Amino acid sequence: MTFIEATTNRQAGFGGAEENSGPARRSDFAARAPRGAKANTETLPVRILLVLIALGFLTLFIVIPLVAVFLQAFSKGWTAYFSALTDPDAISAIRLTIIVAACSVAVNLFFGLIAAWTITKYRFPGKTLLITLIDLPFSISPVVSGLVFVLLFGLQGFFGHWLQDNDIKILFAFPAILLATIFVTFPFVARELIPLMQEQGTTEEEAALSLGASGLTTFLKVTLPNIKWGLLYGILLCNARAMGEFGAVSVVSGHIRGETNTMPLHIEILYNEYQLTAAFAVASLLALLAIVTLVLKAALERKLERKR
Amino acid sequence: MKIDVRNLSKRFGNFVALKNVDLDIASGELLALLGPSGSGKTTLLRIIAGLDFADGGEVYFAGENAANLNVRKRHVGFVFQHYALFRHMTVFENVAFGLRVRPRRERKPEHEIVKRVKRLLEFVHIEGLAERYPDQLSGGQRQRVALARALAIEPNVLLLDEPFGALDAKVRKSLRRWLRDLHGELNVTSVLVTHDQEEALEVADRIVVMGNGKIEQVGTPEEIYNEPANSFVFDFIGESVKLPVRIENGGIWIGSRRLATNDELPGTGPARLFVRPHDLTFGEVSEAPLQGAVRAVRRVGALSFADVRLDYGGDDLLVEASLPPETLVRPGDLVGLTPRRYRIYEDGAAESLTSAAL
Amino acid sequence: MPPLSKTLRFREPSVIPGFGLTFGLTVTWLSVIVLIPLAAMILYASRLGFDQFIAILTAQRTLNALKLSFGIAFAAAIFNVIFGLIVAWALTRYEFPGRRIADAIVDIPFALPTAVAGIALATLYSPQGWIGQFLAPLGIQVTFTPLGILVALIFVGIPFVVRTVQPVLKDLDPELELAAASLGASRWQVIRKVIAPTLLPAILTGFALAFARAVGEYGSVIFIAGNLPNISEIAPLLIVIRLEEFRYADATAIAVIMLFVAFIMLLIINRLQRWTEARS
Ligand SMILES: Nc1ncnc2c1ncn2[C@@H]1O[C@H](COP(=O)(O)OP(=O)(O)OP(=O)(O)O)[C@@H](O)[C@H]1O
Ligand SMILES: [Mg+2]
């Protein structure tokens with residue numbers, strides 16, 4: 001019983017004991033308790049079995065692949081690991097990834113805030129459509145997300161010839177990589193903020209306005225402090241996805257080594273060249289980013305929960 | 001400041017929330033907006049504050065059309081139904097907010113703001129709670145903070161939306177009295193929204209009764225209680241007993257007994273008689289116009305009530321009558337009841353046909 | 001005369017300033033970054049002509065890729081519903097050592113870049129890999145087969161079912177179960193009659209989310225799939241291949257179909273989510 005406790009059973013026990021405070025009732029409760037308790041959770045073997053299945057599933061599909069990344073990365077020792085990371089192509093991929101992620105986070109932060117504000121603070125027709133459009137990049141295949149920019153800026157695309165005539169390079173260069181990343185990560189900040197701001201309503205803003213605050217002051221001093229943790233959470237997820245985006249970026253980048261390769265693309269190249277250790281070394285950085293993101297996310301979640 | 005509301009209308013989609021509301025609020029008075037849930041009280045208050053916009057009609061602040069004054073410029077102290085305190089600010093910062101966000105030219109130096117906030121906190125008796133956050137306060141304390149915050153900007157008018165709605169009966173009562181005293185001291189024009197008639201009757205100088213987006217009656221508490229303008233107000237204010245009656249030959253008939261004659265009564269037809277439970281006197285079965293059997297006797301505090309089942313031309317009707325202290329009745333007793341003061345309303349019409357005191 | 005804003009009213013008036021600015025910026029930006037690119041794609045596809053469009057989609061290789069993508073995404077989502085339910089149940093109902101860590105781990109597929117997952121899975125399940133070496137003697141080949149695609153799609157779909165079912169399970173009033181039990185219902189009856197109907201909308205939402213994600217998945221699949229045409233070539237990969245061959249028309253036709261499905265899935269998911277909220 002001590003190894004796997006049924007949480008519901010415990011709660012029910014407490015609730016029952018509190019309600020039945022009179023002495024006559026208590027004996028009544030005691031007589032009923034064993035049957036109620038038994039019916040309200042599974043038997044111990046079933047509980048153990050379910051927990052083992054759950055843990056086994058998570059281990060097989062998540063833990064082992066994650067551990068494999070780090071073990072493979074270090075399989076040839078520290079020197080191999082570091083030389084893989086200090087390779088000029090790797091460094092340029094890391095640099096490009098950081099720049100792209102920083103830019104798209106900044107852009108999405110700004111527009112995510114504005115979109116969430118518009119959607120949650122006013123009533124207007126077509127709001128559901130607007131939310132659906134914001135969500136759309138979530139459910140579109142990353143490859144399709146990349147393709148749309150090829151169709152716009154590629155040589156056979158709508159602006160292809162004009163761009164070539166004017167010697168402007170978008171596709172297979174930094175601008176397209178950034179655009180594709182922004183497209184893919186567009187929903188993260190707004191999606192995180194919309195439910196939060198919806199729940200908070202508009203009365204605090206109204207109170208601030210009635211006390212004489214301007215719109216900007218109200219936003220900075222009343223709205224922003226209330227959503228700062230949710231905002232941070234959105235930034236975190238947006239950043240993780242921006243750094244790790246593969247499909248969309250792969251379509252628009254052109255895979256030019258040392259120029260338009262981001263970390264995930266660099267990993268692909270190394271893997272396809274059978275440089276497994278180097279591929280996993282770079283991959284381990286991204287895996288580490290994922291772990292750090294999740295740890296911070298858990299900390300933020302606990303903070304948000306305590307605030308409630 | 002004097003506030004006039006002229007012909008105000010407001011719709012939400014197809015739903016009419018306010019219909020041609022006219023209201024004069026005198027400078028310095030404490031006015032209660034009383035009405036059942038959904039009658040449009042909050043909507044009216046928000047339009048006065050400039051937090052909502054009417055579809056038609058105007059609001060005048062001291063005789064000046066407020067259409068072009070936005071909520072920032074109106075200087076209203078608004079106390080929200082659920083306080084709307086700033087969660088991430090301490091009590092002190094909450095109260096100081098309105099002073100700190102003023103444009104630099106009008107802003108007082110910080111030490112004066114501190115002094116003023118301290119005075120306000122003393123004024124509402126929460127000086128010890130300055131460093132607490134709203135979620136560390138009880139409902140009554142939050143209410144005081146909300147009031148202090150609204151008062152900090154020296155408002156032209158104080159608008160309170162069910163300020164005591166979420167509090168328990170005892171706290172309500174003491175805050176009610178405290179608000180009355182506070183108003184006496186400050187003399188700021190105040191509008192208090194409530195659906196608690198007792199609260200309105202006790203606190204307000206004047207009461208506005210609202211129903212379905214319309215003003216049903218405006219008057220002093222005594223007028224509202226003693227001379228309800230129509231059946232809605234009669235029914236809403238205080239307890240009431242409703243009896244179906246008939247008007248015939250200038251007489252009011254209850255079943256086969258005549259209650260009274262009145263030559264002014266027009267025509268013939270069904271009508272309703274409204275009477276307060278304490279205006280039903282117990283009397284002899286043979287003489288009283290109403291008679292029935294006592295079903296139960298209840299004591300509520302110092303008062304006693306009897307549930308009497310009236311034998312009403314075949315239909316049974318259960319009414320509640322207050323028992324005078326000396327009357328002794330037991331369940332099962334046959335008793336007679338005579339309406340002492342009552343009003344007669346024609347079926348379907350709101351206006352009273354007659355009122356009478358026997 | 002009433003001001004124009006009152007007679008020609010687009011939105012309900014609000015005291016909160018900044019509607020014009022924020023709404024305008026949102027719509028403009030959304031148009032630039034999402035709407036115009038998508039519209040361009042649809043315009044491109046519409047220039048193909050109906051016959052060509054159908055010809056591309058009914059080519060054997062395209063059909064096989066689409067069938068593979070949808071079929072395996074469906075299978076993976078089913079798999080995720082079953083195991084996701086067990087995981088969500090264990091995480092919310094039982095107290096066991098490591099519960100908190102297990103709970104945090106569920107989100108890894110969200111946060112781990114798909115390329116990283118892809119090479120890790122491909123290495124693990126190759127005939128010499130840690131897991132593949134045990135499967136090879138049994139005659140089970142994972143890499144370069146549809147089975148490998150299934151493994152990858154299960155990986156990316158894990159969080160969806162767990163994270164949609166978990167909150168509903170947590171909010172489920174224990175007194176309801178207690179009440180049912182006290183009325184003499186067996187545990188199995190309680191689960192079937194009380195718990196299952198409440199969970200159903202959340203389960204369907206989780207399924208739809210996992211399916212939508214799996215259909216379009218690219219990065220985690222291509223390494224393990226081996227990408228043999230007609231056998232283990234998924235639709236997103238075929239789009240990439242057509243692009244590399246400069247057959248933009250082919251790529252666009254497939255992409256439009258996938259976009260259409262994504263949009264339908266989004267509408268279904270919105271419905272389901274509203275249903276979930278109404279239920280709980
Ligand atoms: N934003 C809105 N959209 C649609 N209908 C609304 C809106 N605000 C109020 N209403 C409707 O207008 C009517 C009046 O609402 P109001 O809030 O003024 O009532 P109230 O008298 O304050 O009620 P309560 O005592 O319950 O607070 C209600 O029927 C309400 O449903
Ligand atoms: Mg109200």
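Me: In this predicted model, how far apart do the end C-alpha atoms of residues 94-117 of chain A lie?
Reply: The span formed by residues 94-117 of chain A is 100% helix and 0% strand. It is among the stretches that the UniProt annotation "transmembrane region", from an unreviewed entry, covers in chain A. Its end C-alpha atoms are separated by 34 Å.

Me: Which residues of chain A, 96% helix and 0% strand, have end C-alpha atoms 36 Å apart?
Reply: The unreviewed UniProt entry lists several spans of chain A as "transmembrane region", including 48-74 and 94-117. The span with 96% helix, no strand and a 36 Å distance between its end C-alpha atoms is residues 48-74.

Me: Why is the site of ligand 1 shared between chains?
Reply: Among the 15 residues around ligand 1, those that come nearest are Ser37(B), Gly38(B), Lys41(B), Thr42(B) and Thr43(B). The site is nevertheless shared, because the residues that surround ligand 1 come from chains A and B.

Me: Which residue has a side-chain N or O atom 2.5 Å from an oxygen atom of ligand 1?
Reply: A backbone N or O atom of Gly40(B) lies 3.0 Å from a ligand oxygen, while a polar side-chain atom of Lys41(B) lies 2.8 Å from one. The side-chain atom at 2.5 Å belongs to Thr43(B).

Me: What share of the 630 Å² that ligand 1 exposes when taken alone does the protein bury?
Reply: The shell around ligand 1 draws two or more residues from each of β2 (15-25) and α1 (41-49) of chain B, and α1(B) gives the most, with three residues. Of the 630 Å² exposed by the ligand alone, the protein buries 66%.

Key
Residues numbered from 1 in each chain as written. Chains lettered and ligands numbered in written order. Predicted model: local features only at pLDDT ≥ 70, side-chain atom pairs only at ≥ 80, totals over all residues. Heavy atoms only, no water. UniProt positions renumbered as here; feature names shortened; annotations may be inferred. Helix = DSSP H or I, 4+ residues; strand = E, 2+ residues; numbered from the N terminus. Near = heavy atom within 4 Å. Polar contact = N/O pair within 3.5 Å; in protein donor to acceptor, adjacent residues only side chain to side chain. Areas by Shrake-Rupley, 256 points an atom, 1.4 Å probe, with all protein chains shown as cover.
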